[in-house]
Amino acid sequence: MSGEIIKSLIVPPHPHPALCPEKNEGWQRIRDAYDEARRQIEESDADLIIIYSTLWPSVIGHQIQADPNPEWVMVDSDFHDLGSIHYSLKIDTDFAHAWNKANISRGLESRTVAYDGFPVDVGSVVALELLNPNNRIPAVICSTNVYSNRAETTVLAKSCMDVIKQQGKKAVAVSVMSLSNRMFTEPIEPHEDRIHSLKDDEWNQKILEFLSEGRLEDIGQLSRTIHDQIRVKKVVAFKPMWWLSAMNDNRNDLTGEVLAYEAIHGAGAAVVVLSPESNGTGDKEYDEDDVDFYGGDRNVLDSSDDETVNKPLNSGPALYDPVEGKNAVNTNKAPKPVGAYPHARREGDLIYLSGVGPRQPGDNSIPGGPIKDKAGNPLNYDIKAQTRAVVDNIARILEEAGSSLDNVIDVTSFLVDMDRDFSGYNEVWAETLGKVGPTRTTLAIRALPTPIAVEMKVIAKV
Amino acid sequence: MAKGSIVAGCLAPHPPHLVYADNPEQNEPVSEGGWEQLRWGYERLRESLKDVDYDVIVVLSPHWQTYVGTHFIGVEKCSSKSVDPVFPNLFRFNYDLTIDVELARSIHDQAKSEGMSVKMMENPDFRVDYGTIVSCHMVRPEWDKPIVSISSNRSLSYYSVEVMQEMMMELGRSTAKAIEESGKKCVLLASNSLSHRHFVTETNPPEDMSKEHITSHAMHLWDMRMIELMRSGKSQQIINEMPEFCDQAIAESDGGALTWLLSAMGVPTQPATLHGYGTIIGTGNAIMEWPCRKWGEQ
């Protein structure tokens, strides 16, 4: 299954283009651009719209809307005189729950919300009303955590991509946000609207120049600078660009199109469409350590007794750099070995992988949690998360060898607790390698070198 | 007509956890209790106000955030469900309240005449913010008094603490003048916490008090300092130290409610009464009362 992002959008959150576009030519052009973006979505084979809204702040990690049909009447806190929007949205709850699980597997604090009367934020309501009237495509909405940093926001996107790939979705990723966000602090007449300051306008133009060239990751790297220069310090910073860039594999060679750029009550409002086709210029140039698993220290509450929290390993066997022997295949995208051997070895048109566990490259953490603590006391753990992580590690090693999961021909699996774990392991297998169809043997063993529950030995074709 | 007056000014924080822990019938989620020190603090405040004659509660909440001036609800009957977007698991409250539109408009008009950017909110679909509801419910759960609901203008975000305070000082003076001219007796609520650094995880259950504490010693020191200044009647010093307090304690008084309250009471030198202090998901919360009704007797 090959899920992917087929379009990425940046759209403004203000209600003006939805409620009264006719009052200002610029607002009408934003509305027209929204309509054009909607038309492009309708002509694509998109089956999911993912909203990351800067107007839904959260404190307890990230929150994901999981009510299948949120309904209410939205009134903007500032622009209540423009009118009300009655919304009735269609949420892809399967995706919402899967994204939540994927977040937790990658070390994030995350939860779903599904409550009658929940106040869906103005940005999400406006975006979905204009991009997806009549709920033709199911949506999912995620909050912006007020404290999240770049690593956390990047991992949030990666876990979202995990689910897109697992479910084979053709997704449209939408960041609902202003560019410069300084509004006039006095009421103005619609015809008086303009970008609040020349400085804001110049920065906005620069951002749009980059985006029109498909240089999304460059904007992500400039995010903190942009926030310092043209953003009123509300609660959420300019982090949606981190999220959107990570949703696009931190690329700088997308194809970008600015459909409109106007002022809405002084703020910079733009509708931008980014497509994954390479524009042939630029390349990924990631400026910080890439991160696959969030190991931040913001869990101020003592949660050491949380049973399935992912923890980096602080003890265990020594780790080795993979051996660079004859025909060896090694990658820094897979965890370091616990002995002197390579990640894989290529012989003829076959690739033999060393036993692969769920440990994460970099911080050595275990998605789903370790099976025991340092003192050897058993811990609760999530076998599904561990199994998914094993499959992901296998995929990374095969990719390094120029192959893929589709070419796996034989697997030997090792479980430390067959009675407890076979069912969960088997479920993930069916969702992943089971669809490829390799032969498989599953063995119960007493222990593995690290506190993990599952390991796989793989043979694949090139 | 006799002059109106402020009979009490209160610092009345609004964490939804307190309503959740009290389990009123209007709130859907139920709990095993929790945060008793603060809930008993609100009990003491209610006891203090029990025999006080007043007509209306005037509340400024940082959870109705406006960027284009200060807004006032101008709809007399507000009835809906308030769901906290941050803690929806704790607070889904069915409210049915009355707005004193006449007084709201008087404060609006007075502030406007002083040059402030103000606006009446007259959309009947508007949902009252949960901060306003929590503070009012904890002070007067009978809901038998009309309220005036004032938004929190985020001038600190746009400019600085100094500009925010200048505006809130003016709004406080306008509030006091409008109340005086109205002939009404009012209780004022500044609906905010003190230090405001949250934990980013939630215990299971949320009311597990074995995990509740202030997020850091620095936050504790700031909270105690502010409480002591209030207890000793040093309002002007609170205003003077507000920039450092907002910056270092991420204080929720950045929304202007506390400065507005102190200004409306004339920056009192009289001591405030501490009814309770406690932390909620790491933030510092104090329930304070300035018993203005008694000051003329002194």
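These exercises walk through a predicted model, with worked solutions.

Residues are numbered from 1 along each chain as written, chains are lettered from A and ligands numbered from 1 in the order written. Local features need pLDDT of at least 70, side-chain atom pairs count only at pLDDT 80 or more, and totals for chains, interfaces and linings use all residues.

**Exercise 1. Find the strand order of the open six-stranded sheet in chain A, and name its edges.**

Solution. Strands (E, at least two residues) and helices (H or I, at least four) are DSSP runs, numbered from the N terminus. Two strands pair if DSSP finds at least two bridges between them.
- Step 1: read the order, β11-β12-β13-β16-β14-β15 in chain A, with mixed pairing.
- Step 2: β11 (328-329) and β15 (439-444) of chain A each have a single partner strand, so one side of each lacks a neighbour in the sheet. These two are the edges.

**Exercise 2. State the sense of pairing for three strand pairs of chain A.**

Solution.
- Step 1: β12 (residues 344-347) and β13 (residues 350-353) of chain A are antiparallel, over four bridges. A:Ala344 has A:Leu353 in β13(A) as its bridge partner.
- Step 2: β14(A) and β16(A) also run antiparallel, joined by seven bridges. Here A:Val411 stands opposite A:Val458 in β16(A).
- Step 3: β14(A) and β15(A) are parallel, with six bridges. A:Ser413 has A:Thr442 in β15(A) as its bridge partner.

**Exercise 3. Describe how α7 and α8 of chain B pack.**

Solution. Axes are lines fitted to C-alpha atoms, for helices over the stretch in contact; angles run from 0 to 180 degrees between N-to-C directions.
- Step 1: α7 (residues 217-231) and α8 (residues 235-249) of chain B pack at about 165°, with axes 11 Å apart.
- Step 2: angles under 35 degrees count as roughly parallel, over 145 as roughly antiparallel, 65 to 115 as roughly perpendicular and the rest as oblique. Therefore α7(B) and α8(B) are roughly antiparallel.
- Step 3: residues are in contact if their C-beta atoms, placed from the backbone, lie within 7 Å. From α7(B), B:Trp222 is one of the residues that meet α8(B), whose side includes B:Phe245.

**Exercise 4. Decide where chain A should not be read in detail.**

Solution. pLDDT is the predictor's confidence in each residue, from 0 to 100.
- Step 1: chain A has a mean pLDDT of 90, and 92% of its residues reach 70 or more.
- Step 2: over residues 297-314 of chain A, pLDDT stays under 50.
- Step 3: where pLDDT is low, predicted coordinates should not be read in detail.

Definitions and conventions: Two residues are in contact if their C-beta atoms, placed from the backbone, lie within 7 Å.
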